[in-house]
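Visitor: Could you take me through one part of this chain up close? I'd like the aromatic rings and the packing around them, with enough of the surroundings to place them.

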Amino acid sequence: MGITPDAFMRPAPPTVRTAARAVVVRDGRLLAIAMRDREGDFYILPGGGQRHGETLADTLRRETREEIGVALEPGPVLYVREYIGRNHGFADEHRHFHQVEIVFRCEAPAGAELSGGEDKDRRQVGVAWLELAKFADYRFFPSFLKKCVKQGDLVVEPVYWGDLN
């Protein structure tokens, strides 16, 4: 029995996307990607989706080069987080989106100009250094990181966090 024409019309099964993200803290500030939506500006960690055949380290280098103009080298894994879109604030847009993020501690090269790369994300409007002393005031995702600010640094226990936003 061959493939019928209507077999090509069936939707693809849902998938889980993997991603690599970077935490860079310098002088009490966290490096973030500035994004914009209908509600205004918000911030996320640099990084993004892994391509087939690409290591997480290569993903992090490519994504940070595209978003901030510098390929960051991954350091130790800080945490693993799932994002199941239907459970969070962007549920209307992300109801079918499921991503597993591996988040690395990274260092930005001294003197590097972090201003936005050549292939920014669709909603990206810039790059920002967010003051950790005022971190609770920012619209930042994942918001659970606001609870991890301690003495001018971001201190995250290296664990699997599950589906948090």
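Guide: Sure, and let's get the layout down before zooming in. Read from start to end, the chain runs β-β-β-β-β-α-β-α-β-β-β-β-β-β, which comes to two helices and 12 strands. Bear in mind that this is a predicted model. Of the 165 residues in the chain, 43% are buried. Among contacts with a separation of 6 or more, 68% join residues 24 or more positions apart. The accessible surface comes to about 9500 Å², and carbon and sulfur atoms hold 52% of it.

Now for the rings. Searching the whole structure turns up five aromatic pairs. Take Phe 42 with Phe 141: their centres sit 5.9 Å apart with 70° between the planes, making the pair edge-to-face. Phe 42 belongs to strand β4 (residues 40–44) and Phe 141 to strand β9 (residues 140–141), so this pair ties together parts that are 99 residues apart in sequence. Phe 42 itself counts as buried, because its relative accessibility is 6% and the cut-off for buried is under 20%. Then there's Phe 135 with Tyr 138: the ring centres are 6.4 Å apart and the planes meet at 55°, so that pair is tilted. Both Phe 135 and Tyr 138 are buried. They also belong to a bigger picture, as ring pairs link Tyr 43, Phe 135, Tyr 138 and Phe 140 into a cluster.

Tyr 43 has another neighbour to look at, Ser 143. These two are 100 residues apart along the chain, yet 9.8 Å separates their C-alpha atoms. Ser 143 sits in the loop between β9 and β10 (149–150) and, at 28% relative accessibility, is partly exposed.

Follow Phe 140 out of the cluster and you land in the largest nonpolar core. That core has 21 residues, and the ones touching the most other members are Leu 30, Phe 140 and Leu 145. Elements giving two or more residues to it are β3 (29–37), β6 (74–84) and β8 (124–131), with β3 giving the most, at three residues. Leu 30 is a good place to stand and look around. Setting aside neighbours within four places in sequence, Leu 30 is in contact with Val 23, Val 24, Val 25, Leu 45, Ala 128, Trp 129, Leu 130, Leu 132, Phe 135, Phe 140 and Leu 154. Two members of the ring cluster, Phe 135 and Phe 140, are on that list. There is also a second, separate core of 19 residues, which includes Met 35, Ile 44, Val 70 and Leu 114.

Leu 154, one of the contacts of Leu 30, leads on to a charged side chain. Arg 105 lies in strand β7 (residues 98–106), and its side chain reaches the backbone oxygen of Leu 154 at 2.8 Å. Arg 105 is buried, with a relative accessible area of 18%. Leaving out neighbours within four places in sequence, its contacts are Val 23, Val 25, Pro 74, Gly 75, Pro 76, Leu 78, Asp 153 and Leu 154. Val 23 and Val 25 are contacts of Leu 30 too.

To finish the surroundings, have a look at helix α1 (residues 56–68). At 1.5 Å a residue, its 13 residues should span 18 Å, and the end C-alpha atoms are 17 Å apart, which agrees. Its buried residues are Thr 59, Leu 60, Arg 62, Glu 63, Thr 64, Glu 66, Glu 67 and Ile 68. What covers them includes β1 (17–23), β3, β5 (47–49), β6, β7 and β8. So where does Thr 64 fit in? It's in helix α1, and at 0% relative accessibility Thr 64 counts as buried. A polar atom of the Thr 64 side chain lies 2.7 Å from the backbone oxygen of Leu 60. Beyond four places in sequence, Thr 64 is in contact with Ala 22, Pro 46, Gly 69, Val 70, Ala 71 and Leu 72. Of those, Val 70 belongs to the second core, while Gly 69 follows α1 with a positive phi, near 85°.

Notes: Residues are numbered from 1 along each chain as its sequence is written. This is a predicted model: local features need pLDDT of at least 70, side-chain atom pairs count only at pLDDT 80 or more; totals for chains, interfaces and linings use all residues. Side-chain values use heavy atoms; hydrogens and water are left out. Rings of Phe, Tyr and Trp (its six-membered ring) pair if their centres lie within 6.5 Å; planes under 30 degrees apart count as stacked, over 60 as edge-to-face and the rest as tilted. Helices (H or I, at least four residues) and strands (E, at least two) are DSSP runs, numbered from the N terminus. Buried means under 20% relative accessible area, exposed over 50%, partly exposed in between (1.4 Å probe, protein chains only). A nonpolar core is a set of buried Ala, Val, Leu, Ile, Met, Phe, Trp, Tyr and Cys residues joined through side-chain atoms within 4.5 Å. Contact means heavy atoms within 4.5 Å. A polar contact is a pair of N or O atoms within 3.5 Å; within protein, one must be able to donate a hydrogen and the other to accept it, and residues adjacent in sequence count only if both atoms are side-chain atoms. The expected span of a helix is 1.5 Å times one less than its number of residues. Accessible areas come from the Shrake-Rupley method with a 1.4 Å probe; for residues, only the protein chains shown count as cover.
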